[in-house]
Amino acid sequence: MPDTRILSATDDDSKEAVTEAVALLAAGEVVALPTETVYGLAADALNPEAVAKIFAAKERPAFDPLIVHVGKRGDLYDITEVPDDIRETVDQLTTKFWPGPLTLVLPKKPCIPDIVTSGLPTVAVRQSANLVFRAIGKALGKPLAAPSANRFGRISPTSASAVAKELGGRIPLIVDGGACRDGIESTIILIEPREGKKPIFRLLRAGPVSKEDLQPFGRVEKVKERPGDAPEAPGRLPGHYAPGTPLLLFDRPEDFRPEPGKRYGLLSHRGTGDAGYLNLHDWDVVESLSPGSGKLSEAAIRLFYLLRKLDEAGLDFIVAEPISETGLGVAIMDRLRRAAAGSQMP
Ligand code: TXA
Ligand code: MG
């Protein structure tokens, strides 16, 4: 495939991009689309040959299942078999959080091809809040399978230019809808019913919908990760979201012992001296997730963008300052830990 077209789409003017994207998707092609979390690489979820092209373009292993995006809330019931004992909870959650960054893992209907779910009996489903994404799904009239539009194991793209760096020359079209609103991938949960009590939500991946947001509807529990377990969500594998430059996370700032002659960049939270990282070293580069204010929503939006920027800065190491783990901080630290784990892998 010689080149990748990039068509811009704003909420007011998206006609050409939508028409082109729908034509390609209907013809069984893949197209990169903006969502409110990160850019996705989309294909018709009901067409296994089209879905196979997602795996090829991303170099994604076949054991890693995809998220399916429905156009309307009710479309959920076309592709999943919602058990009676969690139906009320599913209705509550989708009413509250859809369209938006909450993905539910539910028993699938036979219309969803095995390639989408990697042979699992369940499918991960959400409804994106991005208006351009929704317009394309609606015009196509099919659910869209879409993982993040990066090569496997790499940093998720939050802009069209980041997608172009990841997948340029491999896909026919990128729809440029500007920067992503949330900047971090959706929260993924599995619902376990309990008799006479609120259900348990197994948190398969932390994301923009936080534990605190979910608690009114059920008890949120982390999934214990034991080495050797089959991954329920490979996004949970250590080594996911890794930049090419090794990323270091320390328990305490004092643990940092710079090697002479090496170039170190700091991914700071606020970009002020308070937390002890800024003054720890004469950094070659400093980037701040939320300059001055330390706002978690801003930090999440800028996380993947700054990881990419630091990765391209010719550094020997990136040092990430830890963030307190409340609300969105849980998802941010989750991505940083995985990026750090990936750096230590051979
Ligand atoms: O925000 C998002 O979720 C973005 C946008 C594009 O929607 N998508 C995304 O997809 O992050 P991806 O493929 O990068 O991550 C999806 C995760 C994977 O780690 C996958 O293993 C998990 O969802 N997953 C998919 N189906 C599953 C299932 N049936 N059971 C458990 N986990 C599943
Ligand atoms: Mg991904």
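This report walks through a few local features of a predicted model, beginning with helix 7 and its surroundings.

## Helix 7 and its buried face

Let's start with helix 7, which covers residues 160-167. Its buried residues are A160, A162, V163, E166 and L167. Looking down the helix axis, these residues fall within an arc of 155°, so they line one face of the helix.

And what sits over that face? The cover includes three strands, namely strand 2 (31-33), strand 3 (40-44) and strand 8 (173-176). It also includes helix 2 (48-58) and helix 9 (296-311). Once helix 7 is done, G169 follows just after it with a positive phi of about 85°.

## Salt bridges around helix 7

The model has 24 salt bridges, and a handful of them involve helix 7 or the loops beside it. Take R154 and E166: they form a salt bridge whose closest N and O atoms are 2.7 Å apart. R154 belongs to the loop between strand 7 (144-145) and helix 7, while E166 is in helix 7, 12 residues away. The two partners sit in rather unlike surroundings. E166 has a relative accessible area of 3%, so it is buried, whereas R154 comes out at 32% and is partly exposed. This pair also belongs to something wider, a salt-bridge network that links R151, R154, E166 and R308.

Helix 7 has another charged residue to look at, K165, which forms a salt bridge with E312; here the closest N and O atoms are 3.3 Å apart. E312 is in the loop between helix 9 and strand 15 (317-320) and K165 is in helix 7, so this pair ties together parts that are 147 residues apart in sequence.

## R170, E59 and a positive phi

Moving past the end of helix 7, R170 pairs with E59 in a salt bridge, with 2.7 Å between the closest N and O atoms. This one links distant parts of the chain: R170 is in the loop between helix 7 and strand 8, E59 is in the loop between helix 2 and strand 4 (67-69), and the two are 111 residues apart. R170 is partly exposed, at a relative accessible area of 31%.

E59 is worth a second look for its backbone. Most residues other than glycine have a negative phi. E59 is not a glycine, yet its phi is positive, at about 55°.

## Other backbone oddities

S118 does much the same thing: it has a positive phi of about 55° although it is not a glycine. You'll find S118 in the loop between helix 5 (114-117) and strand 6 (122-126). Its relative accessibility is 25%, so S118 counts as partly exposed.

Then there's the peptide bond between W98 and P99. Most peptide bonds are trans. The bond joining W98 and P99 is cis, with omega at about -10°. P99 itself is in the loop between helix 4 (84-97) and strand 5 (102-107).

## How helix 1 meets helix 6

Two packed helices are described by the angle between their axes and the distance between the axes. For helix 1 (residues 15-26) and helix 6 (residues 131-140), the angle is about 50° and the axes are 9 Å apart. The two helices are therefore oblique to each other, and helix 1 passes helix 6 in a right-handed crossing.

Which residues of helix 1 and helix 6 make the contact? On the helix 1 side they are V18, A21, V22, L25 and A26, and on the helix 6 side A135, I136, A139 and L140.

## Two loop residues, buried and exposed

T158 is in the loop between strand 7 and helix 7. With a relative accessibility of 9%, T158 counts as buried. Setting aside neighbours within four places in sequence, its contacts are T37, V38 and Y39, then G178, A179, C180 and G183, and finally F304 and Y305.

R257 is a loop residue too, placed between strand 12 (247-249) and strand 13 (264-268). Is R257 buried or exposed? At 66% relative accessibility, R257 counts as exposed. To get a feel for where R257 sits, compare its position with that of P99: their C-alpha atoms are separated by 46 Å, and the residues are 158 apart along the chain.

Conventions. Residues numbered from 1 in each chain as written. Chains lettered and ligands numbered in written order. Predicted model: local features only at pLDDT ≥ 70, side-chain atom pairs only at ≥ 80, totals over all residues. Heavy atoms only, no water. Buried < 20%, exposed > 50% of the residue type's maximum accessible area, 1.4 Å probe, protein only. Helix = DSSP H or I, 4+ residues; strand = E, 2+ residues; numbered from the N terminus. Arc of directions from axis to C-beta. Contact = heavy atoms within 4.5 Å. Salt bridge = Lys/Arg side-chain N within 4 Å of Asp/Glu carboxyl O. Axes fitted to C-alpha atoms, helices over the stretch in contact; angles between N-to-C directions. Parallel < 35°, antiparallel > 145°, perpendicular 65-115°, else oblique. Left-handed = near helix turned anticlockwise from the far one by under 90°.
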